[in-house]
Amino acid sequence: MHVVIPLFPRYTTLDAIGPYEVLRFVPDAEITFAAVEKDPVPADSGALAITDTTPLDGIETCDIVVVPGGPGTRAENKQLVDWLKMIHPKTRWTTSVCTGALVLGSAGLLNGIDAATHWNPKVIERLQELGARYVPDRVVVNEKHRIVTSAGVSAGIDMALSLAARITDPVTAKAIQLAIQYDPKPPFDSGSPEKATEAVKERALELLGSATA
């Protein structure tokens, strides 16, 4: 089971590492971090980077793709988009976390189908421009097109667990959930725009803006 997580400058760390921590427990899983160039790939914080990557153009087949999000999805990412167009017909599942859906959309993979992404209105608008129908769910599975998209950052863990159940079995997926002790009970009930106050949403957008400037 070959899982490829393609990276690009200014990806969001948890978008990649959250699914990695889940999928590495899948029996016989081989996980590859890939990049356009074999250099350390800096995350959006500028303080972290993944250094051990495989050149993207050397990967011609894989079972699963997980595209993270982050400010770097606003760049053209032509090599990654072209690679996704080539690889998707060969995968069992092509997936995204957060604004990684914009990369799938740029590759033409979300045209006319439901998809999740970050709740930022500008991101939703861009997703719709790329032909997708935005759905405010944490995880959206399209069995016909073999695509799974998820909402922002932490939803990538939910997406990966959902995927693990499909490629193994529910018991194994639940065991992975227990292995990583994923039983979130956040101190605040403001983790989605439907639950947050207007003041909290405005502050969140301010923080996102300063973090991605």
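## Domain layout and selected contacts in a predicted model

In this predicted model, the span of residues 2-164 is 29% helix and 24% strand, and its end C-alpha atoms lie 13 Å apart. These residues carry the feature "domain: DJ-1/PfpI" in UniProt, where the entry is unreviewed.

The chain itself is divided into domain 1, covering residues 2-182, and domain 2, covering residues 185-212. Taken over C-alpha atoms, the centres of domain 1 and domain 2 are separated by 23 Å. The size of an interface is often expressed as the accessible area that is lost when the parts come together. Between domain 1 and domain 2 the buried area is about 630 Å², and carbon and sulfur atoms give 65% of that area. By class, the side of domain 1 that touches domain 2 consists of four nonpolar, two polar and three charged residues. In terms of contacts, nine residues of domain 1 meet eight residues of domain 2. The rule finds zero salt bridges across the interface of domain 1 and domain 2, and the count of residue pairs in polar contact between domain 1 and domain 2, with both residues at pLDDT 80 or more, is likewise zero.

Salt bridges are nevertheless found in the structure, which holds 10 of them. One joins the side chains of Asp114 and Arg133, with an N to O distance of 2.8 Å. This pair links distant parts of the chain, since Asp114 belongs to strand 8 (residues 114-115) and Arg133 to strand 9 (residues 133-134), 19 residues apart.

Ile31 lies in strand 2, which runs over residues 30-35. When residues up to four places away in sequence are not counted, Ile31 touches Val3, Ile5, Tyr20, Leu23 and Arg24. For one of these partners, Ile5, the C-alpha to C-alpha distance to Ile31 is 7.5 Å, although the two are 26 residues apart in sequence.

Helix 6 (residues 170-179) is capped at its N-terminal end by Asp169, of which a side-chain oxygen lies 3.1 Å from the backbone nitrogen of Val171. Just after helix 6, Gln181 takes a positive phi of about 50 degrees.

The distances for the residue pairs named above are collected here.

| Residue pair | Atoms | Distance |
|---|---|---|
| Asp114 and Arg133 | side chains, N to O | 2.8 Å |
| Asp169 and Val171 | side-chain oxygen to backbone nitrogen | 3.1 Å |
| Ile31 and Ile5 | C-alpha to C-alpha | 7.5 Å |

Key: Residues numbered from 1 in each chain as written. Predicted model: local features only at pLDDT ≥ 70, side-chain atom pairs only at ≥ 80, totals over all residues. Heavy atoms only, no water. Domains from an automatic or database assignment. Contact = heavy atoms within 4.5 Å. Buried area = accessible area lost by both parts, 1.4 Å probe. Salt bridge = Lys/Arg side-chain N within 4 Å of Asp/Glu carboxyl O. Polar contact = N/O pair within 3.5 Å; in protein donor to acceptor, adjacent residues only side chain to side chain. Nonpolar A, V, L, I, M, F, W, Y, C, P; charged D, E, K, R; others polar. UniProt positions renumbered as here; feature names shortened; annotations may be inferred. Helix = DSSP H or I, 4+ residues; strand = E, 2+ residues; numbered from the N terminus.
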